[in-house]
Every structure is written in structure tokens, then in C-alpha cells.
Amino acid sequence: MMLNLVGEVGEFASKIAKSIRKSEATIDKNDIFVKGEWFRSSEKDLKAEAGDILWQLSGLCSVMGWSLEDVAKANLAKLADRKNRGVIIGNGDKR
């Protein structure tokens with residue numbers, strides 16, 4: 001499941017990378033800015049890839065005995081803690 005998850009993330013990233021290479025989308029300051037027409041024509045495919053990612057992640061979490069909800073809540077708590085400590089931008093895991 002881990003390798004399938006990585007593969008699905010790779011497929012999602014590849015669709016974005018190809019659009020950047022073709023100048024259909026640009027990237028600036030770690031944010032993807034997609035030209036409207038390209039995104040509208042690709043949204044269905046991107047959403048399908050996101051669904052594949054979610055399916056693989058859900059399966060992996062299930063095997064580990066975790067719910068996606070618990071994982072999401074823990075991540076939100078981690079980010080809130082980083083924000084409170086003023087380290088949201090850097091590596092806030094190290095205390």
C-alpha cells in the first residue's frame with residue numbers, strides 16, 4: 001500500500017509537472033498558479049488522482065489501526081502547536 005500511495009502521489013505531481021513544462025501552469029513561491037482553462041479541463045483528472053491518493057492512504061491507515069479522522073485531528077493539533085510556538089514556517093517538530 002505504501003508503494004501504491006507513492007505511485008498515486010507521483011501521478012498527481014506528474015500531471016502538474018507536465019502542465020508547468022508546457023507553460024500551461026506556472027509555479028511561484030511554492031504555490032502552483034494554474035491558468036484557468038488548463039485547470040478546468042484537468043480538474044476531473046486531478047480529482048480522480050486525489051481520490052486514488054485518499055483511497056491508498058485510507059487503506060494504509062486502516063492497516064496501521066488509525067482512522068483518517070484521528071490522523072487529521074492530530075495533524076491540526078500539531079500545526080496549532082507550531083503556530084502557538086511561532087515555528088509554523090520552519091521545522092517545528094524539534095523542541
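Helices here are DSSP runs of H or I with at least four residues, strands are runs of E with at least two, and both are numbered from the N terminus. With that in hand, welcome to a short tour of a predicted model.

**View 1. The whole chain at a glance.** Before zooming in, take a moment with the overall fold of this predicted model. The protein has three helices and two strands, and along the sequence they come in the order α-β-β-α-α. Of its 95 residues, 17% count as buried. About 7500 Å² of the protein is exposed, and 58% of that area comes from carbon and sulfur atoms. Counting contacts between residues at least 6 apart in sequence, 44% join residues at least 24 apart.

**View 2. Ile16 in helix H1, shown with Ile27.** Helix H1 is home to Ile16. Is Ile16 buried or exposed? Ile16 is buried, because its relative accessible area is 11%, and the cut-off for buried is under 20%. Ile27 makes a handy second landmark: 11 residues separate Ile16 and Ile27 in sequence, and their C-alpha atoms are 9.7 Å apart.

**View 3. Ser23, in the loop between helix H1 and strand S1.** This loop joins H1 (2-21) to S1 (25-28), and Ser23 sits within it. Look at the backbone here: Ser23 has a positive phi, near 60 degrees, although Ser23 is not a glycine. Most residues other than glycine have a negative phi. With a relative accessible area of 47%, Ser23 is partly exposed.

**View 4. Gln56 of helix H2 and its contacts.** Gln56 belongs to helix H2. A polar side chain may catch your eye here, so check the accessibility: at 16% relative accessible area, Gln56 is buried. Which residues does Gln56 contact, once its neighbours within four places in sequence are left aside? They are Met1, Asn4, Leu5 and Glu8.

**View 5. A nonpolar patch on the surface.** Five residues make up this patch: Met1, Val63, Met64, Trp66 and Val71. Together they have about 510 Å² of accessible area. Val63 is part of helix H2, which covers residues 36-64. Val63 counts as exposed because its relative accessibility is 62%, and exposed means over 50%. Met1 is worth a second look, as Met1 is also among the contacts of Gln56 in the previous view.

**View 6. Helix H3 and the glycine that follows.** Helix H3 takes in residues 68-85, 18 residues in all. From its first C-alpha to its last, H3 reaches 26 Å, close to the 26 Å expected at 1.5 Å a residue. Just after H3 comes Gly86, with a positive phi near 75 degrees.

**View 7. Salt bridges along helix H3.** How many salt bridges does a search of the whole structure find? The search finds two. Side chains of opposite charge can pair when their charged atoms come close. In one, the side chains of Glu69 and Lys73 meet with N to O at 3.1 Å. Glu69 and Lys73 are about one helical turn apart, because they lie four residues apart in H3. In the other, Arg85 pairs with Asp81, and the closest N and O atoms are 2.8 Å apart. Arg85 and Asp81 are likewise four residues apart in H3, so about one helical turn separates them. Arg85 is partly exposed at 32% relative accessible area, and Asp81 is partly exposed at 25%.

Technical notes. Residues are numbered from 1 along each chain as its sequence is written. This is a predicted model: local features need pLDDT of at least 70, side-chain atom pairs count only at pLDDT 80 or more; totals for chains, interfaces and linings use all residues. Side-chain values use heavy atoms; hydrogens and water are left out. Patches are made of residues with over 30% relative accessible area and no salt bridge: like charges are joined within 9 Å, nonpolar side chains (Val, Leu, Ile, Met, Phe, Trp, Tyr) within 5 Å. Accessible areas come from the Shrake-Rupley method with a 1.4 Å probe; for residues, only the protein chains shown count as cover. A salt bridge is a side-chain nitrogen of Lys or Arg within 4 Å of a carboxyl oxygen of Asp or Glu. Buried means under 20% relative accessible area, exposed over 50%, partly exposed in between (1.4 Å probe, protein chains only). Contact means heavy atoms within 4.5 Å. The expected span of a helix is 1.5 Å times one less than its number of residues.
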